[in-house]
Each structure stands twice: as structure tokens, then as C-alpha cells.
Amino acid sequence: MAEPIISTSNLELYYGKFKALHGINLSFEKNQISALIGPSGCGKSTFLRCLNRMNDLIDGVTITGTVLLNSKNIYSPKTNLVELRKKVGMVFQQPNPFPFSVYDNVTYGLKISGMRDKSQLDQVVEKSLRQAAVWDEVKDNLYDNALSFSGGQQQRICIARVLATSPSVILMDEPTSALDPISSAKIEDTLMDLKKEYTIIIVTHNLQQASRISDKTAFFMQGKVVEYEQTTKMFTNPENKQTEDYVSGRFG
Amino acid sequence: MVKVFDEELGGLKADFMKLGALVGEAISSSGQSFINHDVDSAQQVITNDPKINDLQIELEKRSFEIMALYQPVTTDLREVVSILKGVTDLERAGDHARNVARSTVKIKGQKRLPEVEEIIATMANEVSKEFNECISAYARADQVSAKETVKIFADEINDLYNGAASPSYQAMAAHPDIVNSGVLYINVAKDLSRISDYSTNICEWTIYLATGEIVELS
């Protein structure tokens, strides 16, 4: 395996006394899409949120183990959380654009970090929206409220908002579960293009989506990784019986 | 939904085994009819061949439907794929059995070569045995048995083919009046040899079913 861009070692997470993650060791390669699958409550979203310290915001959470991003532990006290979340961006299940224009949505992160040059911001807006495959649909309405677009377009605007800060890794938590099949297909096409430049880790309940777009798949059960394999192997001949039963729809 | 899918897949597999049994019967009957010069029995094999073709097409259609409607993965996918590929091999093996039956009808009244017929009789029995072993290995998804069957029979059947073909060519060169039956002996030996090849293919699909590996056994 090539040098991983992000990896976890013996990662454990407790919600109070409840142990939600049991010593997770996973490594994610650069320019790959990795899918996290498993039944509801198995810990896959909890794990995903550990990768940019989103769980820090939840009361009573204890996290042990390490998460290395480019060989640096993100749980080190020296970590700057704003910088971390620029490098490890996140797209959520429900499209959540801010209630202002497309332009302001995409430039939001850049303005916070001090970028003011209008021509530079214009360039980033166009590049990010193009990469998110939504430029042609919004270019004539950049100053319309982002909430006035369709769900699929809103989600791609949110992806553009993440891309604008030039992240290394993009985390996605069921990014198409609220969208119709056409919009989902556009997002999937977008992800396939984006992986040339970014590393994508996606939580999905849609097993066909995982098999269509991901290079590797991790199957979670009860806070543990049951199997982590090349996706083609996972969906044709998995090692573990539990994986087989889950991906073939026999439980979960 | 899983229950409906399991029933569909179970039905597909049961009918694949039924196709295997029909083809196995055609191979055995055509071989025996050739050995015993039994034209009536050969005619029966020829008459039954469309049933094999119809079942092959039906199984193909059902496999496509299962893939489109249920998107099977893992063992289920390997089962559907191996059946979809295997039905073609079975149907072709059935065609060669029908050819043997046609040769049985054609050779009636022609001059015979008993020593060649003896080799063809052995070959027909071995090919039939090999085919049945292959189908049985598939039914059990038994990759070890599949490999073993090819190992046991492939070379032997190749030798028997040469054993039947060489004296036929020699006899035809020496006695022009044997040409008609000589050609039919060679054709029958070739048909039996092809049936053996299709049995090998079924063994390869058995290995795919059991392991996900696509291998070349011959």
C-alpha cells in the first residue's frame, strides 16, 4: 500500500460509558474513494467525524488512539482546528448551504481565512463550482440565494464550498441519501472526477453506490471493522461471512 | 424481498441442474445408441434436443432478470454468473450429443471398423462419466472435485480421441469403401472430445462459484 494520507491507530471513542468505536485501525490512500458501510448505529459516521474532530463538540465524548493526517496526529494539543477542517472538509447528508448567495457560500471559508481579492475569489468560485460539476447550472445566478436551487444543486454547491478551501481529504456522510437518482448520479460522477485531486471517504447506506464508486470499502459492525478490502473483492468474494450476509442484504 | 430473491435464485439453480440432467441423459443415450447401433434411441436424442435449447434460453432470460431486478453480489452474483455462462456450455454439449446421435443414424448400413468402435465405446462411457462428475461437483460447489475430475479425464479422453482417429484415417487411406464410416467415426470422436471440453468449462465455473477465481483448467 502507498503511504496513506490519513490513518487511524487503535482509535476508540466513548459516548459517556458507551464504547462506540473499538480500536479502529484504518489507512486511506491518496486519490482514492473509500466507502464506509454497515448497519445503522455501527459507528461508521462516528468514525468519519473523528477524522476532522467533529466529535469534539459533543458532550461526554472521550477519544483515545491516534489519527494521523500526513503523518501528524490531529489529536495533538497543537492542532489548529480551523486549519484541520480546511484540510479535511465535510459534506453532510442534508444539503446545508448557508442562507445567502451561491457566491458567498463558496467564498465563505476563504473570507474567514482573510482572502479579500475579488479577482482571486472569482477564480476560486468558478474553479470550485466547475469541479463540483454545477458551474453551468448556476453561473448566471451566482448571486441568487443558494437555497433557491434544487436539492442536488444545493449539495453540489456545498461540495464546491468544501473544495474552495483546497482540502486534502473530503469526508462525506451519506451525501446522496436525500437526493433523487438523477441528482445522486451527478454527485457520483462528480466524486469520480474529484478523486483525481482529492481523497474521499464516504459513509453510505447505498451499497450499490459503494460498489459503483469506491476503490476500497470498510464494513463496520458494532463499532468494529469487520473487513476492509478492495471494493471489487468485497462485492464478489468477501473474506468474512458477516460481510457477505450484509452486502447481499441478508441482515442489517 | 430477500425471501423472493432466494426463491428466484433457488429456482434458477434447480432448473440449471435440470438442464444438466437433460444434457447428461442426451450424452449417455447418444453414446449408447452409437455403441449399440440403436437408431431409434438416437432419433429420440435428436427429437429431445429442442427441449435443451428452450431451457437454455429460459435460464438466460431469468438470469438477466435476476441481475437487473436484484443486483446480486458475492456468492449470489457468482451463482448467477456461473449459471449464465454454464448454460451455454451445457447447451453446446447437448448439440454435440445430438451430432453423435445423427452420426448413429447416418452410419446405419455402412461398413464398420469394430476395433475403432470399441475405442469410441470406451470414450463415450468416459465422457459421460466425466460430465456427470462435473455436474455433481457444480451442485456441491466443490472446487477440489472439479479440479480432480479434469485431471483424471482430460488426458485420457484426448488419448482415446487419437486412438479412434488414427486407425480411422489409416483405414480410409487403405480402403476407400470405409471412407463414409471413417469420417463418421472421426466426427463422433471429435464430438465426444468437445463434450469433454465443455465439461472442463463447467468445472472452471464451479471453481469461480466456490472461490471467485477465473481459471483455465485445460
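**Notebook: chains A and B**

I began with helix α1 of chain B, residues 2–35: at 1.5 Å a residue, its 34 residues should span 50 Å, and the end C-alpha atoms lie 49 Å apart, which agrees. I note here that the model is a predicted one. After α1(B) comes H37(B), and I read a positive phi for H37(B), near 55°.

**Chain B as a whole**

I looked up the elements of chain B and found 6 helices and 0 strands. Along the sequence I wrote the pattern down as α-α-α-α-α-α.

I then checked the radius of gyration. A compact globule of 218 residues would have a value near 17 Å; chain B has 19 Å, which agrees. I also took the extent of the C-alpha trace of chain B along its principal axes, and it is about 65 × 35 × 20 Å.

Of the 218 residues in chain B, I found 47% to be buried. For contacts in chain B with a separation of 6 or more, 82% join residues 24 or more positions apart.

**The core**

Which residues have the most contacts inside the largest nonpolar core? I found I120(B) and M123(B), in a core of 127 residues. Helix α6 of chain B, residues 179–211, gives the most to this core, with 14 residues. I kept a general remark beside this entry: in soluble globular proteins, nonpolar side chains tend to be buried together.

I followed M123(B) further. Leaving out residues up to four places away in sequence, M123(B) touches I157(B), L160(B), Y161(B), A164(B), A189(B) and L192(B).

**Strand β8 of chain A**

I turned to chain A and to strand β8, residues 199–203. All 5 of its 5 residues are buried, so β8(A) is largely enclosed by the rest of the structure. T199(A), I201(A) and V203(A) point one way from the strand, while I200(A) and I202(A) point the other way. The general rule I had in mind is that side chains in a regular strand alternate between the two faces of the sheet.

Which strands pair with β8(A) in the parallel sense? One is β3 of chain A, residues 33–37, over 4 bridges. In that pairing I found A35(A) opposite I202(A). Another is β7 of chain A, residues 169–173, over 5 bridges. There I170(A) stands opposite I200(A).

**An open sheet in chain A**

I also looked up an open sheet of 4 strands in chain A, with the order β2-β1-β4-β5 and antiparallel pairing. Its edge strands are β2 (18–29) and β5 (72–73), each of which pairs on one side only. Strand β4, residues 61–69, and β5(A) are joined in the antiparallel sense over 2 bridges. At one place I noted L68(A) with N73(A) of β5(A) as its bridge partner.

**P181(A)**

Is P181(A) buried or exposed? P181(A) has 8 other C-beta atoms within 10 Å, and 12 or fewer counts as exposed, so P181(A) is exposed. I placed P181(A) in helix α7 of chain A, residues 181–194. From P181(A) to G152(A) I read 9.7 Å, C-alpha to C-alpha, with their positions 29 residues apart in sequence.

**Where the chains touch**

Last, I looked at the contact between the chains, which takes 10 residues from chain A and 11 residues from chain B. On the side of chain A that touches chain B, the elements giving two or more residues are α9 (231–236) and α10 (241–247). By class, I entered 3 nonpolar, 5 polar and 2 charged residues for that side of chain A.

Definitions and conventions
Residues numbered from 1 in each chain as written. Chains lettered and ligands numbered in written order. Predicted model: local features only at pLDDT ≥ 70, side-chain atom pairs only at ≥ 80, totals over all residues. Pairing = 2+ DSSP bridges. Contact = placed C-beta atoms within 7 Å. Nonpolar A, V, L, I, M, F, W, Y, C, P; charged D, E, K, R; others polar. Core = buried A, V, L, I, M, F, W, Y, C linked by C-beta atoms within 7 Å. Buried ≥ 20, exposed ≤ 12 C-beta atoms within 10 Å, placed from the backbone. Expected span 1.5 Å × (residues − 1). Rg over C-alpha atoms; globule rule 2.2 N^0.38 Å.
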